[in-house]
Amino acid sequence: HAEKPAQTEHAWLSLKPEHFQLLRLSALPADRETGLRPLMFLSFERVERHSAEESFLRLTLSLADHSTHKEINILEVWADHQRKEVRINPELPLRTEPSNCGLGRFMLAQAAGWAQKRWSHYTLVNQALLVKHASNDAARLRRDHALQAQGFTVAYEDAVQMRASCSAGRVSELHDDWNEKKVSIISTLDTAVMLHKADQSLSEQSTQIKLYHDQVQQLKSEDSTLRFTISMLIVFAIFQAALLIWIATR
């Protein structure tokens with residue numbers, strides 16, 4: 001019998017990001033589970049495509065000098081216009097790094113806002129939540145809290161909470177807000193102001209360092225002069241003492 005043809009990957013899946021914004025992660029107290037949560041900046045990237053049959057959005061988070069697994073910091077949204085359905089990350093649940101900083105809620109909020117602009121009446125496809133996708137109970141609780149805060153319902157299918165389903169009915173039931181005290185989008189103008197201030201601060205520090213360097217060199221020069229003067233005074237004092245001793249013994 002004839003072999004089935006290999007399923008080809010959707011052309012949109014190979015798209016590169018086209019729009020970029022800067023994200024600011026606020027410094028938060030260290031967490032026992034996830035460790036330090038310092039001030040950080042990330043690149044928030046997006047690409048979208050539309051056709052008569054479907055629409056696609058991919059959101060990506062990139063951290064400078066830090067590579068993450070290809071399944072982390074990526075959220076994809078598919079809108080099926082034939083079935084009037086929206087699927088959010090249909091293959092894998094959303095996972096973000098650094099974790100426990102509000103990034104999960106932020107990305108879900110962005111996806112909700114994008115879908116609600118055109119297809120708020122579409123049905124949201126349920127998604128399975130497996131225990132293997134959460135490293136421990138604390139991570140599972142954080143995941144459930146983030147989903148519920150964005151309007152999803154998390155229902156466990158067994159008493160030991162090994163498997164759950166995530167649902168929300170229609171797209172209009174999702175929330176497009178997030179904790180802006182944790183994650184904030186920095187506009188291009190704000191980014192330019194930050195860079196200008198940083199450059200100005202570096203210039204001022206450079207001038208201050210040069211001033212301190214000149215002062216140190218001057219002090220070194222004065223110190224050398226004082227050392228030479230003290231040495232000459234000691235030699236002169238020794239000479240006088242020797243002369244007095246010689247006169248006294250004559």
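Rings of Phe, Tyr and Trp form a pair if their centres lie within 6.5 Å. In this predicted model, ring pairs link Trp 12, Phe 56 and Trp 78 into a cluster.

**Aromatic pairs**

The structure holds seven aromatic pairs. One of them joins Phe 56 and Trp 78. Their ring centres are 4.5 Å apart, and the planes meet at 45 degrees, a tilted arrangement. Phe 56 sits in strand 5 (residues 54–63) and Trp 78 in strand 6 (residues 74–80), so this pair ties together parts that are 22 residues apart in sequence. Phe 56 is buried, with a relative accessible area of 0%. Trp 78 is buried too, at 7%.

Phe 106 and Trp 178 make another pair. Here the centres lie 5.0 Å apart and the planes stand at 85 degrees, so the pair is edge-to-face. Phe 106 belongs to helix 1 (residues 103–119). Trp 178 lies in the loop between strand 11 (163–167) and strand 12 (183–186). The pair therefore ties together parts that are 72 residues apart in sequence. Phe 106 is buried, at 0% relative accessibility. Trp 178 also counts as buried, at 17%.

**Salt bridges**

Side chains of opposite charge can pair when their charged atoms come close. The structure holds eight salt bridges. The table lists some of them, including one between two strands.

| Salt bridge | Closest N to O distance |
|---|---|
| Arg 58 and Glu 76 | 3.2 Å |
| Asp 137 and Arg 140 | 3.7 Å |
| Asp 214 and Lys 210 | 3.4 Å |

Arg 58 lies in strand 5 and Glu 76 in strand 6, so their bridge ties together parts that are 18 residues apart in sequence. Arg 58 is buried, with 9% relative accessible area. Glu 76 is buried as well, at 17%.

Asp 137 and Arg 140 are three residues apart in helix 2 (residues 137–149), so about one helical turn separates them. Asp 137 is exposed, at 52%, whereas Arg 140 is buried, at 9%.

In helix 3, Asp 214 and Lys 210 are four residues apart, so about one helical turn lies between them. Asp 214 is partly exposed, at 37%. Lys 210 counts as exposed, at 54%. Elsewhere, salt bridges that share partners join Asp 137, Arg 140, Arg 143 and Asp 144 into one network.

**A nonpolar patch**

Phe 236, Phe 239, Leu 243, Trp 246 and Ile 247 make a nonpolar surface patch of about 550 Å². Leu 243 is found in helix 3 (residues 188–248). Its relative accessibility is 37%, so Leu 243 counts as partly exposed.

How values were computed:
Residues numbered from 1 in each chain as written. Predicted model: local features only at pLDDT ≥ 70, side-chain atom pairs only at ≥ 80, totals over all residues. Heavy atoms only, no water. Patch = residues over 30% accessible without salt bridge, like charges linked within 9 Å, V, L, I, M, F, W, Y side chains within 5 Å. Areas by Shrake-Rupley, 256 points an atom, 1.4 Å probe, with all protein chains shown as cover. Salt bridge = Lys/Arg side-chain N within 4 Å of Asp/Glu carboxyl O. Buried < 20%, exposed > 50% of the residue type's maximum accessible area, 1.4 Å probe, protein only. Phe/Tyr/Trp six-rings, centres within 6.5 Å; stacked < 30°, edge-to-face > 60°.
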